[in-house]
Amino acid sequence: MDPPSTTTTTTIPLIIHGKNIVLATDDHKHSISSTSAPQLCAFQGATPDLAIQAVESCAMAFPGWSRTTPSERRRLLLNLARACHIPSITLLLSTHKPHIQTLIEDEIHCTRGWTDENIAASTSMIEETASLISDTLTGTIPPSKGTSYALVLKKPLGVVLGIAPWNAPLILGLRAVIPVIAAGNVAILKGSEMSPRTHHFIASLFREAGFPPGVVNFVLHRPQDAAGVFECIIEHPAVKKCNFTGSTGVGRVIAAKAARALKPVLLELGGKNSVVVLEDADLGQAVEEIVTAGFLNNGQICMSTDLVYVVRSVAGELTRRILERLYGEERPHRVISKASRDRLTALVDDARSKGAVIHQARNPVAEEDPLAFPATVIEGVTQDMDFYTIESFGPIFGIMAVDSEEQGLQMVKRSAYGLSSAVFTRDHFKALEMSGEIAAGAVHVNGGTVHDEATLPHGGVGDSGWGRFGGRWGLDEFLHTQTVVLNKCRASL
């Protein structure tokens, strides 16, 4: 079976009510570049009218979809992995694996390992969500006074807008819509202009798996049209919620505009993710986890390690081991755009000007790739450096020596962000105590900050957003409760 095709046209289409949409004019098309599919030169950007069409298509599909049984939703979800009823739970994604790998690597300049992780995590999420549908939809009968019975039912919301980022385009694109439709809602997937082919591929999978038209619609837009497209969608009365994964700055704008329309949002935003290394830590293990979490996917993961607080008595040895790993780094590191590279350069230059020592690995693509940026360790971070408070979102992390574990803990607690954190120590009771004081969605003991599983809740606090994806928590985000109180009929006279 051939992969869902974007190769027969020069323009990546939108998908509305099961049909590809490409306008006759070029007014809202946005140019792209692709080394693996050079015949593709643009994607179709949504106009306000097309965005409204996507909402209205979803609204038409909602009554029928919301009445489907859990078993039918489960069957269709698993078809995303079964390749149109071929009996292997992972065959759809594995059949298309070479195609998916090419798409992701071409669009976001990542390694084969990161594409494989996207595929594995996506499959796990589909399976886990499908298995939870019946149990999550189960209501309750709480005590009620007198002879009445109170039934608390769980009901889908309606049309939900899911806005997906580019940095893990397969898993986060699917995550924007899988729990939504599993709960009985319908979804608009708003893809990223940085990964339009991967996000179009995702939308095509739903058609291929047999979902009814309008259950998942797909829109893209030019960067300059972002505000207008979002506003006309979020203000439409059929749209009941939005989920967004991306930067804190954009998340603030989305939350403000949604609040004006009295629409709830689920926000999984950035993180200035910190690690605390205590005196009794296994330094070899700490180094392995820190370096992996700092440089995976070129550091462009919301959970990437940014700051390492290490107790001064072991700071020298930890730094020596980290630099040994850094100077042995041979992977080519690239970032997503020139703007990202310039921002990272400014952070490093500012740290250097304020006394930090900058260590950078040799980058094998530095000469020929304008988006190359070397794996970097900033030694001697101080609180007056821009890097101390600004999320890097690149292959950089900093090291700061602290006088005690308590000082390190207090530094972590002062962060405005709260997505992921880690503590390295052999004393698990102490680690549990410290974890309880850290305001973060996840704290990892003797593990890296980059960690998520389909069975776990995932999200942040503070500037890292609110709400949770993952497991039953992710399904609950897209359900509301309705109370039905049954009273005994009075006997007629």
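**Helix H15 and two positive phi angles**

Hi everyone, let's start on the outward side of H15: Phe429, Leu432, Glu433 and Gly436 are exposed there, where exposed means over 50% relative accessible area, buried under 20%, and partly exposed in between, with a 1.4 Å probe and protein chains only. Before going on, this is a predicted model, in which local features need pLDDT of at least 70, side-chain atom pairs count only at pLDDT 80 or more, and totals for chains, interfaces and linings use all residues. Residues are numbered from 1 along each chain as its sequence is written, and side-chain values use heavy atoms, leaving out hydrogens and water.

Now, which residues of H15 are buried? They are Ala431, Met434 and Ser435, in a helix that covers residues 428–437. Viewed down the H15 axis, these buried residues fall within an arc of 105°, so they line one face of the helix; the arc is taken from the directions from the helix axis to the C-beta atoms. Helices here are DSSP runs of H or I with at least four residues, strands are E runs of at least two, and both are numbered from the N terminus.

What covers that buried set? Strand S12 (273–277), helix H14 (405–413), strand S18 (420–424) and strand S19 (442–445) are included, with contact meaning heavy atoms within 4.5 Å.

Lastly, the backbone. His109, in the loop between helix H4 (97–108) and helix H5 (112–136), has a positive phi of about 60° although it is not a glycine. Phe393 is another non-glycine with positive phi, near 50°, and sits in the loop between strand S15 (376–379) and strand S16 (396–402).
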